[in-house]
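Trainee: I'd like to practise reading a protein model with you. Could we take it one question at a time?

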Amino acid sequence: MMIKLFLLAGVATASLLTGCATEGTRAPEPTYETVAKSEFVATNYGAADALISQFGSGAGGGPLIIATVVNIDALNKSSTLGRLISEHISARFSQRGFSMVEMKFGSNVYMRQGEGELVLTREIAEVARVNKAQAVILGSYGVGGSSVYVNMKIVQPGSNYVVAAYDFVLPNNNEIRSMLSRAVR
């Protein structure tokens, strides 16, 4: 009888431990509270703030244009990651008092379906002239093993002089990989 109780207790303990191990391996479902702690938006806002601090012209010098942040290895391609970085940088400049030209509504800009508002270098001067833009914000990202490296620049149209630049790094975690995998061809 004692051996049977011992065996039953052992089986019960093993099944409880197995249940705990199974529960521990599943990632919890994200909640509004947990996703609000994401550093992605704050990191992009920090990059915009760094660019703004270097940019001498200021908000009163005319509107700015932002091009979609592109893959450094395929400059005519972007991804959800590149498009979101562009959106966050543009939003932050707008929050800081800069007039931002919304390129999604323009018909005179090179637009590749699914890529966002990619602006080719040879077209920057024309796009800026038509929109009376004081500068263009450009960016690229490169994927490393555990990191994604992002470079952002503010360029004067016509001269192509870089008037501000900032580099930052994102972790190549599941969230970032998910955004990178949604590249549009």
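Trainee: Let's start here: does E39 count as buried or exposed?

Mentor: Keep in mind that this is a predicted model. E39 sits in the loop between α2 (32-35) and α3 (40-54). Its relative accessibility is 61%, and the cut-off to pass is over 50%. So E39 counts as exposed.

Trainee: How far is the C-alpha atom of E39 from that of L170?

Mentor: Along the chain, E39 and L170 are 131 residues apart. In space, though, their C-alpha atoms are separated by 9.5 Å.

Trainee: Okay, on to charges. Which residue does D49 meet in a salt bridge at 3.0 Å, N to O?

Mentor: Side chains of opposite charge can pair when their charged atoms come close. For a salt bridge here, the nitrogen has to be within 4 Å of the carboxyl oxygen, and a 3.0 Å contact with D49 is what we find. The partner of D49 in that contact is R92.

Trainee: And where in the chain do D49 and R92 sit?

Mentor: This pair links distant parts of the chain, 43 residues apart. D49 belongs to helix α3, while R92 belongs to helix α4 (residues 80-95).

Trainee: Is R92 buried or exposed?

Mentor: The cut-off for buried is under 20%. R92 has 15% relative accessibility, so R92 counts as buried.

Trainee: How many salt bridges are there in total, and which residues do they join into one network?

Mentor: Besides the pair with R92, the side chains of R96 and D49 meet at 3.2 Å, N to O. R96 is in the loop between α4 and β3 (100-101), 47 residues from D49. The count comes to 2 salt bridges. They share partners, and the network consists of D49, R92 and R96.

Trainee: Now the rings. How many aromatic pairs does the structure hold, and what kind of pair do F93 and F98 make?

Mentor: The structure holds 3 aromatic pairs. The ring centres of F93 and F98 are 5.1 Å apart and the planes are at 65 degrees, so this pair is edge-to-face.

Trainee: What kind of pair do Y166 and F168 make, then?

Mentor: Their ring centres are 6.1 Å apart. The planes lie at 25 degrees, and under 30 degrees is the cut-off, so Y166 and F168 are stacked.

Trainee: Last one: which residues form one aromatic cluster?

Mentor: We already met two of the members, F93 and F98, and both are buried. With the third member added, the cluster is F55, F93 and F98.

Methods: Residues are numbered from 1 along each chain as its sequence is written. This is a predicted model: local features need pLDDT of at least 70, side-chain atom pairs count only at pLDDT 80 or more; totals for chains, interfaces and linings use all residues. Side-chain values use heavy atoms; hydrogens and water are left out. Helices (H or I, at least four residues) and strands (E, at least two) are DSSP runs, numbered from the N terminus. Buried means under 20% relative accessible area, exposed over 50%, partly exposed in between (1.4 Å probe, protein chains only). Rings of Phe, Tyr and Trp (its six-membered ring) pair if their centres lie within 6.5 Å; planes under 30 degrees apart count as stacked, over 60 as edge-to-face and the rest as tilted.
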